[in-house]
Amino acid sequence: MSLIKHPMLSFGQPMEDNSIESVEWIPIEPDSFNAGTGTQRVEITHKAIDNFVNLHRSYLEVKLKIVDNAGADTDANDEIALSNGVSIFDRITLTANGAICSESTHYQQSLQVLSLCEFSKDFRDNVASNFNHYTDSNDGASDANNLGYVTRRNLSRNGANQTLHIPMSQMFGMTRDLDTVSRGIKYQMILHLNQNNLALNCAAGADGADKAPQIHYLKFKWWICQVRPSLSQESRINQSLNNGYSSQLDWLEVSTFKSQSFQEQNPRFRIA
């Protein structure tokens with residue numbers, strides 16, 4: 001009997017995963033939403049609890065444009081830009097069956113610091129056009145050498161619509177760390193929108209800050225990743241659930257604390 005293993009035997013026919021029948025993305029509209037500049041809070045609820053869903057692979061779609069204080073579109077000379085896609089949010093919350101399972105306050109600052117800590121510079125300098133992330137290459141809003149600002153500004157001129165696609169894997173600790181499928185849970189996403197002056201970059205003067213620009217929100221839509229297992233796999237899942245199967249899930253959250261603005265001219269952030 002030979003004890004020699006033949007390594008080439010490991011490269012046989014590839015294994016086929018027949019556990020998944022199909023994967024599709026289902027759009028979910030907000031519970032209540034009116035397009036305009038007065039939007040402060042958006043709630044979107046996933047009610048089809050009998051479906052298998054993967055929140056990690058889902059994403060949020062936001063359509064918006066920038067207008068002046070009177071609601072008129074920006075023109076070709078305006079020095080106004082959206083900071084990036086995540087800057088439009090102040091606090092974001094994800095609930096499961098009514099209980100908060102993941103939340104991030106001062107979401108813009110916490111995600112920026114988390115990215116600076118986790119990713120190397122060459123990775124951070126990459127473009128993420130799906131949610132309007134163009135890294136600043138210099139300081140100053142009206143600086144022509146700041147290529148990131150110039151790109152975002154050009155996208156905002158002439159009342160142009162901007163569509164953002166923000167991955168759920170970049171929004172919550174739970175959806176970031178858990179790439180898993182769940183069923184029987186009613187999820188709700190609660191979005192508290194940021195103040196205009198904190199979400200926009202403006203140059204000083206008549207073409208910028210003097211116009212008191214605002215964000216005009218046109219659409220919010222939550223695209224849920226819905227997974228359809230094969231009949232045999234679904235039968236095994238149901239059998240396990242009926243037998244009381246449970247699993248412990250762990251994930252990391254980002255906590256952000258901001259000093260009171262009335263105590264300090266330049267508020268400080270503490271992120272853990």
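How much space lies in the largest pocket? In this predicted model, the largest pocket holds about 900 Å³. The legends below begin with that pocket and then turn to the sheet, the helices and the loops.

**View 1. The largest pocket and its lining.** The space shown amounts to about 900 Å³. Among the 30 residues of its lining, Thr 180, Val 181, Ser 182, Arg 183 and Leu 249 are the closest to the centre. Two or more lining residues come from each of the elements β3 (52-67), α4 (173-177), β10 (214-229) and α6 (231-242). β3 provides the largest share, with six residues. Sorted by class, the lining consists of 18 nonpolar, ten polar and two charged residues.

**View 2. Thr 180 in its loop.** Thr 180, one of the residues closest to the centre of the largest pocket, belongs to the loop between α4 and β8. Its relative accessibility is 37%, so Thr 180 counts as partly exposed. Phe 52 is separated from Thr 180 by 128 residues in sequence, yet their C-alpha atoms are 9.9 Å apart in space.

**View 3. The four-stranded open sheet.** The strands follow the order β2-β8-β5-β6, and their pairing is antiparallel. The edges are formed by β2 (41-46) and β6 (99-105); each has a single partner strand, so one side of each lacks a neighbour in the sheet. On average, neighbouring strands of this sheet are turned by 15° against each other, direction ignored. Within the sheet, β5 (residues 89-96) and β8 (residues 187-193) run antiparallel and are joined by seven bridges. Thr 95 stands opposite Gln 188 of β8.

**View 4. Strand β7 and its pairing with β3.** Six bridges connect β3 and β7 in the antiparallel sense. One of the residues to follow here is Glu 61, whose bridge partner in β7 is His 165. In a regular strand, side chains alternate between the two faces of the sheet. Such alternation is seen along β7: Gln 162, Leu 164 and Ile 166 point to one face and are buried, whereas Thr 163, His 165 and Pro 167 point to the other face and are not buried.

**View 5. Helix α1.** This helix covers residues 107-118. Its twelve residues, at 1.5 Å a residue, should span 16 Å, and the end C-alpha atoms are indeed 16 Å apart, which agrees. Tyr 107, Gln 108, Ser 110 and Leu 111 of α1 are buried. An α-helix has 3.6 residues a turn, so residues three or four places apart point the same way.

**View 6. Helix α6 and the glycine after it.** α6, which also contributes to the lining of the largest pocket, has twelve residues. From its first C-alpha to its last, α6 reaches 16 Å, close to the 16 Å expected at 1.5 Å a residue. Gly 244 follows α6 and has a positive phi, near 85°.

**View 7. Two loop residues with positive phi.** Asn 158 is placed in the loop between α3 (147-156) and β7 (162-167). Its phi is near 60°, a positive value in a residue other than glycine. With a relative accessible area of 52%, Asn 158 is exposed, because the cut-off for this class is over 50%. Ala 212 is found in the loop between β9 (200-202) and β10. The phi of Ala 212, also a residue other than glycine, is positive and near 45°. At 34% relative accessibility, Ala 212 counts as partly exposed.

Notes. Residues are numbered from 1 along each chain as its sequence is written. This is a predicted model: local features need pLDDT of at least 70, side-chain atom pairs count only at pLDDT 80 or more; totals for chains, interfaces and linings use all residues. Side-chain values use heavy atoms; hydrogens and water are left out. The expected span of a helix is 1.5 Å times one less than its number of residues. Buried means under 20% relative accessible area, exposed over 50%, partly exposed in between (1.4 Å probe, protein chains only). Two strands pair if DSSP finds at least two bridges between them. Axes are lines fitted to C-alpha atoms, for helices over the stretch in contact, and angles run from 0 to 180 degrees between N-to-C directions. On a 1 Å grid over the protein atoms alone, a cavity is a set of points where a 1.4 Å probe fits but cannot get out, and a pocket is an open set with protein on both sides within 12 Å along at least five of seven lines; lining residues have an atom within 4 Å of a point. Grid points are joined across faces, edges and corners, and a volume is the space filled by probe spheres set on the points. Ala, Val, Leu, Ile, Met, Phe, Trp, Tyr, Cys and Pro count as nonpolar, Asp, Glu, Lys and Arg as charged, and the others, Gly among them, as polar.
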